Amino acid sequence: MDPDLSDEDSVVDLSFQAESPLAPPAELLERLPSCDWLLQGGGQQIFFPPSEAPGRPQEPRCWSSFLEHSRVPVVTEEVAREALLSFVNSKCCYGSAAAGDLIIQELKPQTLCRYRLETFSESRISEWTFQPFTSHSVDGPHRGTSPRLWDIKVQVPPMFQEDTRKFQVPHSSLVKQCHKCHGRGCYKCSGCHGAGLARCPSCSGAKRRARQPRRCQLCSGSGRRRCSTCSGRGSKTCATCKGEKKLLHFIQLVIMWKNSLFEFVTEHQLDCPAELLAKAKGENLFKDENTMVYPIVDFPLREISLASQRGIAEHSAALGSRARVLQQRQTIELIPLTEVHYWYQGKTSVYYVYGTDHKVYVVDYPERYCCGCTII
């Protein structure tokens with residue numbers, strides 16, 4: 001909490017869900033001189049963060065040392081067969097005999113590079129909201145000037161973990177009569193129009209059921225029953241003010257922490273789907289985390305450098321002045337991919353082992369009993 005703020009200036013964390021983010025028509029609300037900067041235009045307002053000067057770019061890196069110390073384990077024939085058996089055993093309609101008996105003819109390994117950029121940002125908006133007035137304390141403009149939204153100090157969640165929280169802006173509150181029930185705390189029941197009794201559902205108010213001489217037993221021949229909507233009271237508690245007759249209106253600060261993600265995987269000539277490789281577990285080659293990261297410009301694979309430049313430019317353009325960047329993280333991972341050629345019962349085919357945890361993708365497994373499983 002900002003040491004310059006007194007106890008009365010403390011931000012209230014809101015755990016309730018307001019009925020609506022918008023207050024009643026503006027003419028119902030008094031002007032709050034200290035909050036005019038929040039109320040222009042009405043409804044929801046977006047506030048731009050203060051600009052921050054970028055730091056200095058980092059010095060050029062020596063990628064040869066990174067590459068020398070990063071070794072991706074080679075997939076052997078034994079590893080390829082164990083990976084397939086593990087995959088087959090996880091499928092209810094795949095037989096394991098073929099995985100154990102097929103003849104592996106050739107292994108074609110490749111190592112792909114995956115670039116990933118994460119940008120953790122914070123954005124703030126304000127909106128009118130309200131809740132039933134149940135206390136005698138009102139933190140209005142008479143207690144001081146409301147702080148600007150980006151001057152309000154709050155606890156930031158762990159980096160790269162998304163969250164949304166709502167806070168009551170100090171000194172923005174006012175109490176008004178409930179606009180829904182006009183300060184009555186209740187309103188006439190629509191089911192019985194305030195009478196407390198409604199037409200009998202059995203005889204439809206005729207006091208006797210059709211083609212029956214005796215009076216209706218449900219209503220004892222009165223044609224009326226106690227209203228089930230209001231339990232016979234003739235009125236219902238106002239759902240807006242919960243019967244309190246008054247509403248506390250205030251300006252709500254909504255803070256959204258978002259983690260934007262950009263990913264790129266180097267091209268390959270194999271038939272393994274790109275969406276699987278994007279999620280594959282890889283061997284970490286490089287990690288750079290700071291308030292602001294700079295494009296990689298000298299990586300041995302030029303397409304990784306171009307992806308880094310493109311990702312940072314895209315995040316910068318998308319966030320612009322609408323959010324404050326709290327942290328960025330860029331990584332380069334090595335993803336092993338092996339194409340396994342095998343022979344089984346006179347036919348040749350392939351499957352793929354990918355990632356450091358040896359996931360399997362198979363297009364046409366020879367011992368399959370139904371088509372209800374997803375083959376990934």
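This is a short chat about reading strands, burial, rings and backbone angles in a predicted model.

Biologist: What should I know before I start?

Modeller: The model is predicted, so local features need pLDDT of at least 70 and side-chain atom pairs count only at pLDDT 80 or more, while totals for chains, interfaces and linings use all residues. Residues are numbered from 1 along each chain as its sequence is written, and side-chain values use heavy atoms, with hydrogens and water left out.

Biologist: Where does Thr 338 lie?

Modeller: Start with the naming: helices (H or I, at least four residues) and strands (E, at least two) are DSSP runs, numbered from the N terminus. Thr 338 belongs to strand β12, residues 324–344.

Biologist: Is Thr 338 buried or exposed?

Modeller: Buried means under 20% relative accessible area, exposed over 50%, and partly exposed in between, using a 1.4 Å probe and protein chains only. Thr 338 has a relative accessible area of 3%, so it is buried. Its strand is mostly covered too: in β12, 18 of 21 residues are buried.

Biologist: Which residues is Thr 338 in contact with?

Modeller: Contact means heavy atoms within 4.5 Å. Setting aside neighbours within four places in sequence, Thr 338 touches Val 75, Leu 107, Lys 108, Pro 109, Tyr 351, Tyr 352 and Val 353. Val 353 is also the bridge partner of Thr 338 in β13.

Biologist: How many bridges join β12 to β13?

Modeller: Two strands pair if DSSP finds at least two bridges between them. Here eight bridges join β12 to β13 (residues 347–354), and the two run antiparallel. Another opposite number in that pairing is Val 350 in β13, facing His 341. The hairpin has two residues between the strands, and Gln 345 takes a positive phi near 50 degrees there.

Biologist: What else pairs with these strands?

Modeller: On β13, four bridges lead to antiparallel β14 (residues 359–362), where Val 360 stands opposite Val 353. On β12, 19 bridges connect antiparallel β3 (residues 103–132), with Ser 121 partnered by Val 325. Strand β11 (residues 283–290) joins β12 through seven bridges, again antiparallel, and Glu 283 stands opposite Leu 334.

Biologist: How many aromatic pairs are there?

Modeller: Rings of Phe, Tyr and Trp (its six-membered ring) pair if their centres lie within 6.5 Å; planes under 30 degrees apart count as stacked, over 60 as edge-to-face and the rest as tilted. By this rule there are six aromatic pairs. In one of them, Tyr 342 and Tyr 351 have ring centres 5.8 Å apart and planes at 50 degrees, so the pair is tilted. Tyr 352 and Tyr 361 make a stacked pair, 6.3 Å centre to centre with 25 degrees between the planes. Both Tyr 352 and Tyr 361 are buried.

Biologist: Which residue lies over the face of Phe 160?

Modeller: A charge sits over a ring if NZ of Lys or CZ of Arg is within 6 Å of the ring centre and within 35 degrees of the ring normal. Arg 329 does this for Phe 160, at 4.0 Å from the ring centre.

Biologist: What is the phi of Lys 242?

Modeller: Most residues other than glycine have a negative phi. Lys 242 has a positive value, near 55 degrees, and lies in the loop between β9 (235–237) and β10 (246–265). Lys 242 is exposed, with a relative accessible area of 54%. His 182 also has a positive phi, near 55 degrees, in the loop between β5 (174–177) and β6 (186–188).
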